[in-house]
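These are my notes from one session with a single model. I went through cysteines, rings and surface in turn.

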Amino acid sequence: MTAIIRMSELYAPTLKETPSDAAIPSHQLLLRAGFMRKSATGLYSYLPLGWRVIHKIEKICREEMDGIGSQEIMLPILQPADLWHESGRWDDYGPELMRMEDRHGVGMCLGPTHEEIITDLVRNELKSYKQLPLTLYQIQAKFRDERRPRFGLMRSREFIMKDAYSFHTDAESLHKTYQDMYDAYGRYCERVGLEYRPVAADSGQIGGSVTVEFHALAESGEAELVSCKCGWAANSEIAPATPAPIAYEATELKKVATPGVHTIAELAEFLGCPEAATAKAMVGKTGEGKPVILFIPGDYDLNELKAERAFGGFELLEDEEIEKLGLPKGSIGPVGLPEGVLVGADESLRNIAHWVVGANEDGFHYVGAGVGRDFDVDVWADLCTVKEGNACPECGAPLTVTRGIEVGQVFELGTKYSEVLKATYLDEDGKEHPYEMGCYGIGISRTMAAIVEQCNDEYGIYWPVSVAPAHVCVLPLTVGDDLVQPAAEKLAGELAELGLEVVIDDRDERPGVKFAEADLMGWPLQIVVGKRGLEAGEYEIKVRRTNEKRTMSFDEYNEWHAHAKRHPNAADSFFEQAGLKA
């Protein structure tokens with residue numbers, strides 16, 4: 001028999017008003033329903049209900065990891081700086097890495113990820129091909145000093161993550177584990193109740209050549225995803241765009257006065273042409289710090305990640321920095337640029353011989369600026385952000401744009417870390433080789449937020465049964481009497497005997513308050529016990545996901561209970577009869 005949770009004893013302080021800094025449903029509802037509290041910017045304390053959900057998500061994750069042969073360990077969150085220097089990421093990782101010194105002046109950091117320390121661990125132990133492959137995982141807190149923590153658990157500074165790392169003798173073995181992880185991640189998403197989509201992605205600061213992200217589909221998601229009916233899908237960060245720029249009628253370089261024109265929309269209206277006939281300029285600096293101006297079709301947006309890959313790093317300049325280069329914002333073009341300024345352009349503009357661009361003089365633009373005649377392009381690359389309706393790279397059909405919350409990512413790292421950290425094994429012939437490695441992450445706390453983003457309505461949360469803080473809430477309409485409360489206590493006890501996790505709202509509160517908080521907290525099934533119902537020989541039940549209510553006679557309940565008691569998994573049987581999937 002599972003313990004019964006009593007609302008009179010539960011620490012779950014609810015809020016009537018939505019906190020002003022909570023912008024999305026998961027942030028709002030997890031605070032309002034008493035699942036967590038903000039401790040500082042980007043830092044949250046989990047209250048009992050929130051922690052119960054986290055534990056259930058972790059349990060599902062562990063079962064999937066253990067099921068494919070992964071072994072759980074625990075690594076320190078505080079890591080020595082020497083390892084990060086050795087891998088070269090101490091300087092590369094950026095300000096998100098929380099750096100510090102201990103009392104002895106030794107450099108340390110709070111782990112945002114654990115590639116270095118896990119590789120250091122095994123390089124001293126795994127010396128033979130006979131010990132491989134091996135996959136180790138942990139579930140623990142990570143820390144990334146986000147510049148703009150926002151949206152609650154979606155982008156917090158401290159978060160709970162499952163990270164796994166695999167070690168192999170060859171790429172074939174690595175790919176097998178990668179595929180096992182890919183399949184396990186799909187099962188994980190299904191079991192926690194998420195509608196999800198795996199998409200091709202960028203490897204970012206982790207590295208590697210093969211990677212897929214798993215996204216929970218949600219309008220509040222930070223990521224923009226593109227997909228096709230053929231099954232191809234990708235994060236828009238890496239999806240190829242297919243702009244179709246239009247040639248403007250002018251073929252000779254001509255300077256045109258454009259007073260008050262500073263945006264592409266204003267320029268297109270002034271010239272009486274579509275935005276696709278203009279070239280948009282974006283000013284930044286490369287990874288080496290060189291100034292560069294990127295030109296893309298006027299009807300598209302710059303994809304900064306693509307620019308980073310094309311120039312070994314890229315960062316947009318602030319207005320003051322642009323002014324120091326002698327360039328007037330809103331009238332920037334490639335003709336007559338200061339010495340040392342690079343020019344990059346989207347591949348689609350190769351087919352446009354003459355461009356409409358800024359004249360590098362406020363209030364003036366050029367039409368008919370000829371590539372190779374009036375200016376040169378140093379680097380051609382795919383620089384645009386994909387748009388709805390762009391062609392699928394696999395089949396050519398129009399792409400659809402959706403939004404998603406990244407809850408997991410799998411990587412084939414290859415030898416990125418093993419080579420630099422000199423982590424090697426000996427093969428059958430006694431020859432030394434670096435491990436082939438993979439890494440695989442799941443955001444545990446972000447999963448909780450993603451579930452709420454998908455499972456909420458105007459009344460609150462409706463948890464999937466698999467991760468709900470409890471399965472059934474028994475709601476006696478009166479307490480302290482000799483009829484309703486005893487009947488509710490008896491019912492709660494019988495359900496607990498079946499293995500269900502039961503909450504009983506034994507508080508001396510008005511029924512309206514109990515109903516509202518039960519909906520807000522999201523118990524999957526509610527059973528109302530009232531005097532009239534007892535006299536009529538029935539309970540009222542409500543399925544929270546659909547808000548469907550109906551009466552259940554004592555005879556029907558007894559049949560449910562008896563059937564469930566005979567079933568190998570009594571709780572699952574009860575849920576099935578109630579129309580809920582466990």
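How many disulfides does a search of the whole structure find? I found 0 disulfides in the whole structure, taking a disulfide as a pair of cysteine sulfur atoms within 2.5 Å. Before going on I noted that this is a predicted model, in which local features need pLDDT of at least 70 and side-chain atom pairs count only at pLDDT 80 or more, while totals for chains, interfaces and linings use all residues. Residues are numbered from 1 along each chain as its sequence is written, and side-chain values use heavy atoms, with hydrogens and water left out.

**Cysteines.** I looked up C273, whose sulfur is 17 Å from the closest cysteine sulfur, that of C384, and therefore too far for a bond. C273 is buried at a relative accessible area of 12%, where buried means under 20% relative accessible area, exposed over 50% and partly exposed in between (1.4 Å probe, protein chains only). For C439 the closest cysteine sulfur belongs to C61 at 14 Å, again too far for a bond, and C439 is buried at 3% relative accessibility.

**Rings.** I then turned to the aromatic pairs, of which the structure holds 13; rings of Phe, Tyr and Trp (its six-membered ring) pair if their centres lie within 6.5 Å, and planes under 30 degrees apart count as stacked, over 60 as edge-to-face and the rest as tilted. The rings of W355 and F375 have centres 4.9 Å apart and planes at 55°, so I entered this pair as tilted. Because W355 belongs to strand β19 (residues 354-361) and F375 to the loop between β20 (364-370) and β21 (379-381), the pair ties together parts 20 residues apart in sequence. Both W355 and F375 are buried. I also recorded one aromatic cluster, formed by Y182, Y185, Y196 and F214.

**Charges over rings.** I counted a charge as over a ring if NZ of Lys or CZ of Arg is within 6 Å of the ring centre and within 35 degrees of the ring normal. The charged end of R99 sits over the ring of W90, 5.0 Å from its centre, and that of K255 sits over the ring of F364, 5.2 Å from its centre.

**Overall.** For the protein chain I listed 16 helices and 32 strands, these being DSSP runs numbered from the N terminus (helices H or I, at least four residues; strands E, at least two). Of its 582 residues, 53% count as buried, and its C-alpha atoms fill a box of roughly 95 × 70 × 55 Å along the principal axes.
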